[in-house]
Amino acid sequence: MKEGKPSFLLYNRNMSEKLFKLVSDYKPMGDQPAAIDQLVEGLNAGKHEQVLLGATGTGKTFTIANVIQKVNKPTLIFAHNKTLAGQLYSEFKALFPENAVEYFISNFDFYQPEAYMPKTDTYIEKNAVTNDEIDMLRMSAYNSLLERRDVIVVASVACIYAGSNPEDYKDMFFTLKTGEIIDRQELIKRLITMQYQRNDMDKLRGTFSVKGDVIEICPGHTDKFIIRVEMFDDEVERITEIDPLTKEVQNGYTVYSFFPASGYARNHDDLLIACDNIEKELEERLAYFKEKGKMLEYERLEQRCRYDIEALREMGMCSGIENYAMHIDHRVPGQRPYNLFDYFGDDFLIVVDESHVSLPQIRGMYNGDHQRKLTLVEYGFRLPSALENRPMTFEEWEELPAPRIYMSATPGDYELEHGGKPIEQLIRPTGLLDPIVEVRRTSGQIDDLMEEIRKNIERKERTLVTTLTVKMAEDLTDYFRKQNFKVAYLHHETKTLERSEIIHDLRSGKYDILVGINLLREGLDIPEVSLIAILDAD
């Protein structure tokens with residue numbers, strides 16, 4: 001706790017809850033007030049599923065923000081792609097500045113899953129580039145959900161993939177107090193158990209340094225501060241929060257709770273039990289391959305698993321640790337993997353944005369993942385328990401106890417069947433009308449387009465241009481630059497957080513034009529854009 005203030009301890013769900021506080025200069029208008037009242041009434045009446053049929057531009061996000069404030073429940077907002085999730089995160093962050101708004105998407109900038117193609121005897125090793133900043137945001141989401149209730153998490157499909165058991169994760173927390181007597185080596189061992197790595201040179205997330213009686217810990221969930229623990233002999237003399245760059249003290253604490261550095265941090269005794277179970281499964285699988293005369297698969301599996309087991313016992317980590325998640329989490333075959341939903345507890349709200357796209361995405365994730373891993377298991381690259389490191393099935397999604405609101409301008413059959421009569425929100429509070437659509441000849445289309453863009457720039461408005469191919473988008477961007485236009489290109493290699501930055505720069509006026517092949521995603525709102533050109537439209 002800060003000196004002279006209440007203790008900083010994990011959230012007790014019996015304590016009084018901090019309320020969601022919506023901050024906005026706008027008030028619900030048009031169809032919004034009626035939609036808010038109906039949704040809140042349905043939630044209070046115990047309705048499990050509701051549908052908000054909101055036309056484009058009617059302010060569905062603002063409606064949901066008002067619903068969250070009224071029902072006062074932690075909320076997961078599911079979006080079907082990272083760009084939309086990033087936009088929603090920014091909007092809710094602005095609407096709820098005093099509450100915890102978190103961002104949970106895939107932490108990979110590049111991901112090539114492990115795979116094997118029997119026909120060509122080709123093994124593809126897992127190749128992934130982890131985005132450190134997104135990983136930090138994911139850790140922040142876990143920690144917020146375990147310490148408070150006023151939390152909104154904006155998530156992509158990554159939230160249905162297997163994660164860690166929240167009870168095991170919570171058990172790794174430990175609290176340090178000034179005046180406490182603790183052996184310095186014991187404190188270092190605790191940090192290592194929580195997956196912190198010693199690094200006396202670089203102040204990286206999830207590391208700690210030891211210099212004499214001073215231990216500096218870089219938390220895994222933020223890079224905004226470092227925790228400095230000063231000791232005198234075996235007594236904790238001072239706990240401070242310092243700026244990573246200037247080393248200035250920002251806050252002092254008499255009690256501080258430390259979070260694990262990694263979502264896969266585990267108690268060493270639990271890991272040893274898991275290793276025993278992995279070894280037992282390995283022996284059974286090796287006996288199976290020996291009986292079938294599959295000695296290549298036998299050798300392949302034994303070599304990999306023996307190495308992984310040894311690494312887990314000695315260091316608590318190994319490459320591909322997620323494939324042993326069933327044993328580490330002490331689950332049984334067929335049991336749903338733990339994921340982000342388990343960190344919310346039993347009383348929370350789910351909002352599915354653009355549900356006509358998002359729900360099919362949830363439904364389709366399991367089968368492809370299962371078939372790829374089945375091949376790996378069959379040919380001795382993985383144990384059968386690796387199949388339990390998987391996304392949630394759609395049936396498991398349906399069994400979640402939380403009520404859900406489906407949002408869409410065009411809800412699908414599933415939503416209409418399960419959610420009953422849609423709550424309609426058709427009037428735009430802004431008074432904007434539907435856009436005028438013109439079809440023009442492709443002959444001389446670029447010169448025609450540049451003339452329209454110049455008119456748009458004079459009005460200080462922005463333009464989106466979509467093309468059929470990546471090459472055409474690249475060539476058009478180069479051409480526009482030569483014509484002295486301020487233009488950016490959004491492509492498949494653009495990193496997740498850079499996408500949000502490019503859209504922000506477009507809105508702020510750094511760019512007048514944004515070119516790409518997949519810009520017209522459902523739910524992407526850029527009010528400054530008044531012209532959209534679809535080249536070679538059919």
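**Helix 10, and then the whole protein**

Okay, let's start with what is tucked away in helix 10: the buried residues there are Ser355, Ser358, Leu359, Ile362, Asp369, Arg372, Lys373, Thr375, Leu376 and Val377. Before I go on, keep in mind that we're looking at a predicted model.

So where does this helix sit in the chain? Helix 10 runs over residues 355-378, which makes 24 residues. From its first C-alpha to its last, helix 10 reaches 36 Å, and that's close to the 34 Å expected at 1.5 Å a residue.

Now, which residue is at the centre of the kink in helix 10? That's Gly364, and the kink there is about 25°. There's another glycine to look at as you leave the helix: just after helix 10, Gly380 takes a positive phi of about 80°.

Right, let's zoom out. Helix 10 is one of 15 helices, and the protein has 23 strands as well. The radius of gyration comes out at 26 Å, close to the 24 Å that the globule rule gives for 538 residues, so the protein is as compact as a globular protein of that length. If you'd like a box to picture, the C-alpha atoms fill one of roughly 70 × 70 × 55 Å, taken along the principal axes.

How much of the protein is buried? Buried residues make up 50% of the 538. On the outside, the accessible surface comes to about 26700 Å², and carbon and sulfur atoms account for 50% of that.

Last one, on contacts. Take those between residues at least 6 apart in sequence: 71% of them join residues at least 24 apart.

Terms used:
Residues are numbered from 1 along each chain as its sequence is written. This is a predicted model: local features need pLDDT of at least 70, side-chain atom pairs count only at pLDDT 80 or more; totals for chains, interfaces and linings use all residues. Side-chain values use heavy atoms; hydrogens and water are left out. Helices (H or I, at least four residues) and strands (E, at least two) are DSSP runs, numbered from the N terminus. The expected span of a helix is 1.5 Å times one less than its number of residues. The bend at a residue is the angle between axes fitted to the seven residues ending there and the seven starting there. Buried means under 20% relative accessible area, exposed over 50%, partly exposed in between (1.4 Å probe, protein chains only). The radius of gyration is taken over C-alpha atoms; the globule rule is 2.2 Å times the number of residues to the power 0.38. Contact means heavy atoms within 4.5 Å. Accessible areas come from the Shrake-Rupley method with a 1.4 Å probe; for residues, only the protein chains shown count as cover.
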